[in-house]
Amino acid sequence: MLELKQIGYWYDREENSLFKNVDLTFETGHSYAIVGQSGSGKTTLLSLIAGLEKPKAGEIILNGQLLSQIGLTKYRQKKVSIVFQSYNLLTYMSPLNNLLTAMAVTKSTHEGDKTYAREMLRKLGLTDEQMTKNVQRLSGGQQQRVAIARTMCCDAKLVVADEPTGNLDEENTQEVIQLFQTIAHEQDRCVIIVTHEPDVAAACDYSYRLAHHEFALEK
Ligand SMILES: Nc1ncnc2c1ncn2[C@@H]1O[C@H](COP(=O)(O)OP(=O)(O)O)[C@@H](O)[C@H]1O
Ligand SMILES: [Mg+2]
């Protein structure tokens with residue numbers, strides 16, 4: 001589904017490349033962890049996959065089409081969904097309105113379908129009362145579930161997450177990882193998670209380690 005071909009990236013000078021000649025393929029129906037030391041370039045790789053930055057070398061191809069052909073704006077709107085460590089919800093809104101807004105902005109096939117949005121939030125453990133109060137009233141674990149429900153309401157087949165369990169306790173971490181597995185396996189999406197937590201990587205179907213400017217399959 002998503003192919004990285006001979007990807008390279010550096011911030012200042014090519015000699016200081018974080019990684020180069022990276023060839024990776026990601027498929028729907030599977031979850032992938034990307035692990036590696038802090039500062040190795042995991043977030044940078046994810047920003048390329050999310051269409052937030054352009055690679056300095058190589059091509060990214062989605063279903064046979066170059067990202068540059070699709071256009072990064074359209075790609076970010078329709079093709080990829082991002083889950084952040086700090087949730088990135090609209091803090092002045094309720095969970096329900098966060099979902100409805102995302103569905104409208106991305107022109108989801110479920111756009112305007114309040115019943116569907118409620119169903120997703122209910123599935124992820126929110127009560128009817130919690131859905132309509134300000135999101136900031138929720139715990140971190142609950143806010144991350146809202147961010148995941150937001151992804152589930154949108155059509156993007158590619159889901160990327162940067163340290164999505166970084167602010168969560170052990171119990172919430174396990175639950176959130178299970179939700180990502182559900183998104184990959186039951187909704188047939190491609191989930192790519194950057195993490196420094198071995199437990200999270202172990203729960204994913206595949207795991208790549210970024211070390212010495214290269215990615216190696218660990219699992
Ligand atoms: N916008 C930037 N400009 C310059 N250097 C950056 C920028 N963002 C990250 N870096 C550097 O690139 C390296 C990799 O960063 P990052 O991709 O965030 O690593 P990781 O997510 O693995 O911790 C780090 O040394 C970081 O300081
Ligand atoms: Mg990072």
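# Exercises on burial, packing and a ligand shell

His213 counts as partly exposed because 15 other C-beta atoms lie within 10 Å of its own; the classes used are buried (20 or more other C-beta atoms within 10 Å), exposed (12 or fewer) and partly exposed (in between), with C-beta atoms placed from the backbone. The structure is a predicted model, in which local features need pLDDT of at least 70 and side-chain atom pairs count only at pLDDT 80 or more, while totals for chains, interfaces and linings use all residues. Residues are numbered from 1 along each chain as its sequence is written, and chains are lettered from A and ligands numbered from 1 in the order in which they are written.

**Exercise 1.** Work out where His213 is found and what its phi is.

*Solution.* Begin with the elements, which are DSSP runs numbered from the N terminus, helices being H or I of at least four residues and strands E of at least two. His213 belongs to the loop that joins β9 (206-211) to β10 (214-217). Its phi is positive, at about 70°, although His213 is not a glycine.

**Exercise 2.** Describe the loop between β6 and α4 through Asn88 and Phe84.

*Solution.* Take Asn88 first: it is found in the loop between β6 (80-83) and α4, and its phi, near 50°, is a positive value in a residue other than glycine. Asn88 is partly exposed, since 13 other C-beta atoms lie within 10 Å. Phe84 lies in this loop between β6 and α4 as well, and it is partly exposed with 16 other C-beta atoms within 10 Å. Then look along the chain: Phe84 and Ala161 are 77 residues apart, yet their C-alpha atoms are separated by 5.7 Å.

**Exercise 3.** Determine which residues of α4 are buried and which helices they pack against.

*Solution.* In α4 (residues 95-105), the buried residues are Pro95, Leu96, Asn98, Leu99, Leu100, Ala102 and Met103. These residues pack against α5 (114-123), α6 (128-132) and α7 (140-153), where contact means that C-beta atoms, placed from the backbone, lie within 7 Å. For α7, the contact joins Pro95, Asn98, Leu99, Ala102 and Met103 of α4 to Val146, Ala149, Arg150 and Cys153. The residues of this contact divide into 7 nonpolar, 1 polar and 1 charged, with Ala, Val, Leu, Ile, Met, Phe, Trp, Tyr, Cys and Pro counted as nonpolar, Asp, Glu, Lys and Arg as charged, and the others, Gly among them, as polar. An α-helix has 3.6 residues a turn, so residues three or four places apart point the same way. As for geometry, the axes of α4 and α7 come within 9 Å and cross at roughly 30°; axes are lines fitted to C-alpha atoms, over the stretch in contact for helices, and angles run from 0 to 180 degrees between N-to-C directions.

**Exercise 4.** Relate Lys78 to Lys107 in sequence and in space.

*Solution.* Lys78 sits in helix α3 (residues 72-79), and 17 C-beta neighbours inside 10 Å make it partly exposed. Lys107, just after α4, takes a positive phi of about 50°. The two lysines, Lys78 and Lys107, are 29 residues apart in sequence and 7.9 Å apart from C-alpha to C-alpha.

**Exercise 5.** List the residues that surround ligand 1 and sort them by character.

*Solution.* The shell consists of Tyr11, Leu18, Gly36, Ser38, Gly39, Ser40, Gly41, Lys42, Thr43 and Thr44, each with its C-beta atom, placed from the backbone, within 6 Å of the ligand. Sorted by character, the shell holds 2 nonpolar, 7 polar and 1 charged. Its largest share, 3 residues, comes from helix α1 (residues 42-49).

Methods
Contact = placed C-beta atoms within 7 Å.
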